[in-house]
Amino acid sequence: MEALITTIVQPFVDYPEDVEVAVKEEANKIVYHLTVNPEDVGKVIGKNGRIAKSIRTVVYAACTDTKRRVYLDIM
Amino acid sequence: MKQVTASGQTVKDAVQSAIQQLNTTEDQVNIEIIDEGKKGMFGIFGAKRAIVKVSIKEDPIDQAVTYLKEIATAFSEDVAITVKREGKQIYFDLSGHKIAMIIGKRGQTLNAIQHLVQVMINRISSEHFRIVIDAEGYRNRRRITLEQLAHRLADKAIKINKDVALEPMPSSERKIIHSALQDNQQVETCSDGTEPNRHVVIRAL
């Protein structure tokens with residue numbers, strides 16, 4: 001799943017090597033924490049958060065196998 | 001994308017050195033001049049080196065297909081993609097056995113993927129493209145459903161003589177409703193609210 005988030009985000013940013021995804025697993029949820037270069041934050045969020053929303057929709061849809069709820073934190 | 005930034009005494013020198021680093025030829029790269037450099041006096045005082053950014057040209061459509069394939073593989077292993085290009089409009093058709101997962105509820109996952117590919121391709125390409133991603137005829141099925149819904153709700157609006165508001169939809173789907181009721185003289189349609197809650201309202205005349 002981290003790989004999916006990284007592949008989705010990388011083409012949007014100017015510093016692809018700074019894209020990082022940290023995972024925090026808890027009893028009933030998994031939190032993916034996405035960090036990018038400070039200059040790229042806007043590109044990942046998009047106008048009115050449209051890109052962020054699309055990324056979340058795709059990521060949430062891709063991991064339905066687990067019983068735990070998945071969250072994606074951006075910065 | 002493979003790219004390097006190189007410097008040289010002149011722009012030409014810098015480009016040459018970049019091409020050597022990338023191991024390619026001049027006709028296969030995009031060159032962006034960052035600093036033209038200055039000769040300076042006797043080539044010593046106030047001389048500034050030229051800086052260029054050189055990147056290998058890649059077909060944006062090919063890159064979009066690779067990108068889409070990577071996303072689709074996260075849902076199911078056997079997704080096939082066919083590409084059709086009509087001018088600025090590019091159609092990607094997905095098929096595979098877990099396609100329902102990719103479409104999502106009312107196509108929301110498919111629309112999200114479409115949005116991501118659209119943003120991605122227009123970032124890397126100098127031309128502007130419009131992307132349509134379809135999955136096993138979903139867009140066409142959805143169009144038929146929406147047209148039926150439009151006619152049914154138009155009848156309802158006439159019968160109760162009140163405005164009928166539909167649920168929020170993306171612009172492409174609202175357009176289907178508007179054009180379905182364009183020829184109906186008894187109702188008019190308009191969109192109300194702001195994105196992402198913009199929705200069609202059918203009004204009896």
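In which kind of crossing, left-handed or right-handed, does α1(A) pass α2(B)? The points below answer this and then move on to single residues.

This is a predicted model, in which local features need pLDDT of at least 70, side-chain atom pairs count only at pLDDT 80 or more, and totals for chains, interfaces and linings use all residues. Residues are numbered from 1 along each chain as its sequence is written, chains are lettered from A and ligands numbered from 1 in the order in which they are written, and side-chain values use heavy atoms, with hydrogens and water left out.

1. The crossing of α1(A) and α2(B) is left-handed, a term that applies if the near helix is turned anticlockwise from the far one by less than a right angle, whereas clockwise would make it right-handed. The two helices, which like strands are DSSP runs numbered from the N terminus (H or I, at least four residues, for helices; E, at least two, for strands), pack at an angle of about 155° with their axes 10 Å apart. The axes are lines fitted to C-alpha atoms, for helices over the stretch in contact, and the angles run from 0 to 180 degrees between N-to-C directions. The angle makes α1(A) roughly antiparallel to α2(B) (over 145 degrees; under 35 is roughly parallel, 65 to 115 roughly perpendicular, and the rest oblique).

2. Where these helices meet, A:Leu4, A:Thr7 and A:Ile8 of α1(A) are in contact with B:Tyr67, B:Glu70 and B:Ile71 of α2(B), contact meaning heavy atoms within 4.5 Å.

3. A search of the whole structure finds one aromatic pair over all chains, and this pair, formed by A:Phe12 and B:Tyr67, is edge-to-face, with 6.4 Å centre to centre and 75° between the planes. Rings of Phe, Tyr and Trp (its six-membered ring) pair if their centres lie within 6.5 Å, and planes under 30 degrees apart count as stacked, over 60 as edge-to-face and the rest as tilted. The pair joins two chains, because A:Phe12 lies in the loop between α1 (2-9) and β1 (20-25) of chain A, while B:Tyr67 lies in helix α2 (residues 60-73) of chain B. Both A:Phe12 and B:Tyr67 are buried (under 20% relative accessible area; exposed is over 50%, and partly exposed in between, with a 1.4 Å probe and protein chains only).

4. In chain A, the charged end of A:Lys29 sits over the ring of A:Tyr71, 5.6 Å from its centre, and A:Arg69 lies over the face of A:Tyr60, at 5.2 Å from the ring centre. A charge sits over a ring if NZ of Lys or CZ of Arg is within 6 Å of the ring centre and within 35 degrees of the ring normal.

5. B:Ile121, in helix α4 (residues 108-124) of chain B, is buried, with a relative accessible area of 0%. Not counting residues up to four places away in sequence, B:Ile121 touches B:Pro60, B:Ile61, B:Ala64, B:Ile90, B:Phe129 and B:Ile131.

6. Most residues other than glycine have a negative phi. A:Asn48, however, has a positive phi near 55°; A:Asn48 is found in the loop between α2 (41-45) and α3 (50-62) of chain A and is exposed, with a relative accessible area of 80%. B:Asn161 also has a positive phi, near 55°, lies in the loop between α5 (138-160) and β7 (164-165) of chain B, and counts as exposed at 57% relative accessibility.
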